[in-house]
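Trainee: I'm new to this one. Can we go through some of the terms people use for it?
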Amino acid sequence: MYEPHPPLILIGFMAVGKSSLGRLLAKKLNYEFIDTDLWIENKYHKSIPELMQGGDETDFRKKERFVLEEVACIENAVIATGGGAPCSPGAMDILLSAGVVFYLQLDNELLAERVYKYRARRPSVAKLDPEAIRTFVQEKMHERAPYYERAHRIVDAKDLDNKEMIYKCAEELAEQYHAILRQQFNGKE
Ligand code: S3P
């Protein structure tokens, strides 16, 4: 029998591992997997680099915010948000009341390494050298950490580049998700 549950939502900086973990979690929970970046690309028929062309993020952020509200109410889903999505005004309130929010946290040095490695499809960093990426990560994390840290749980993401550890983390998060549903979304579990 289909039982509706609030979504499991993954937030955190770009390249931290939200999508790989999210896909696995969705399989485990038998949920739909939603990546807000892909959702935006499909909805507006443009790639993220096209939407952010010219370095002006305003239009992209508006679309991202719209999509966040749209997907947050989808039941039985694992949602991986774009790195900047939780940081627009009111976005964290929407996410926290819609579902169970996990923040995948990593220190700035490791984040910078991962962002550099996976920079190609991320327009705000694609052309930056390692040093400039380090500065970018520090500045953005300074702005974003207070938003991210409001999540229901903070998850250490340092091993999320290792397949076995991703599996282990997915196991743990699936359990925590059900526990949080029982405590905080009473009656919906
Ligand atoms: C961004 C992160 C990206 C994407 C866009 C902007 C950001 O998503 O939304 O390039 O500002 O942190 P990922 O976190 O999936 O890379």
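Mentor: Sure, we'll take the ligand and then a ring pair, and keep in mind that this is a predicted model.

Trainee: What makes K18 a polar contact of the ligand?

Mentor: A polar side-chain atom of K18 lies 2.6 Å from an oxygen atom of the ligand. The cut-off for N or O atoms is within 3.5 Å, so the K18 pair counts. R61 also has a polar side-chain atom 2.6 Å from a ligand oxygen.

Trainee: And why is G84 called a polar contact?

Mentor: For G84 it's a polar backbone atom, 3.4 Å from an oxygen atom of the ligand. That is within 3.5 Å, so the G84 pair counts too. As for cover, the ligand taken alone exposes 380 Å², and the protein buries 98% of that.

Trainee: Where does the ligand sit, and which residues surround it?

Mentor: The ligand sits in the largest pocket. Its shell has 14 residues, and the closest are K18, D37, R61, R122 and R144. By type, the shell divides into 5 nonpolar, 3 polar and 6 charged residues. Helix α4 (residues 58–72) gives the largest share, 3 residues.

Trainee: Now the rings. How many aromatic pairs are there?

Mentor: The whole structure has 3. One of them is F13 with F136.

Trainee: Why is that F13 and F136 pair called edge-to-face?

Mentor: The angle between the planes is 65°. Over 60 degrees counts as edge-to-face, so the name fits. The centres are 6.2 Å apart, which is within the 6.5 Å limit for a pair.

How values were computed
Residues are numbered from 1 along each chain as its sequence is written. This is a predicted model: local features need pLDDT of at least 70, side-chain atom pairs count only at pLDDT 80 or more; totals for chains, interfaces and linings use all residues. Side-chain values use heavy atoms; hydrogens and water are left out. A residue is near a molecule or strand if one of its heavy atoms lies within 4 Å of it. A polar contact is a pair of N or O atoms within 3.5 Å; within protein, one must be able to donate a hydrogen and the other to accept it, and residues adjacent in sequence count only if both atoms are side-chain atoms. Accessible areas come from the Shrake-Rupley method with a 1.4 Å probe; for residues, only the protein chains shown count as cover. On a 1 Å grid over the protein atoms alone, a cavity is a set of points where a 1.4 Å probe fits but cannot get out, and a pocket is an open set with protein on both sides within 12 Å along at least five of seven lines; lining residues have an atom within 4 Å of a point. A molecule sits in a cavity or pocket if more than half of its atoms lie within 2 Å of its grid points. Helices (H or I, at least four residues) and strands (E, at least two) are DSSP runs, numbered from the N terminus. Ala, Val, Leu, Ile, Met, Phe, Trp, Tyr, Cys and Pro count as nonpolar, Asp, Glu, Lys and Arg as charged, and the others, Gly among them, as polar. Rings of Phe, Tyr and Trp (its six-membered ring) pair if their centres lie within 6.5 Å; planes under 30 degrees apart count as stacked, over 60 as edge-to-face and the rest as tilted.
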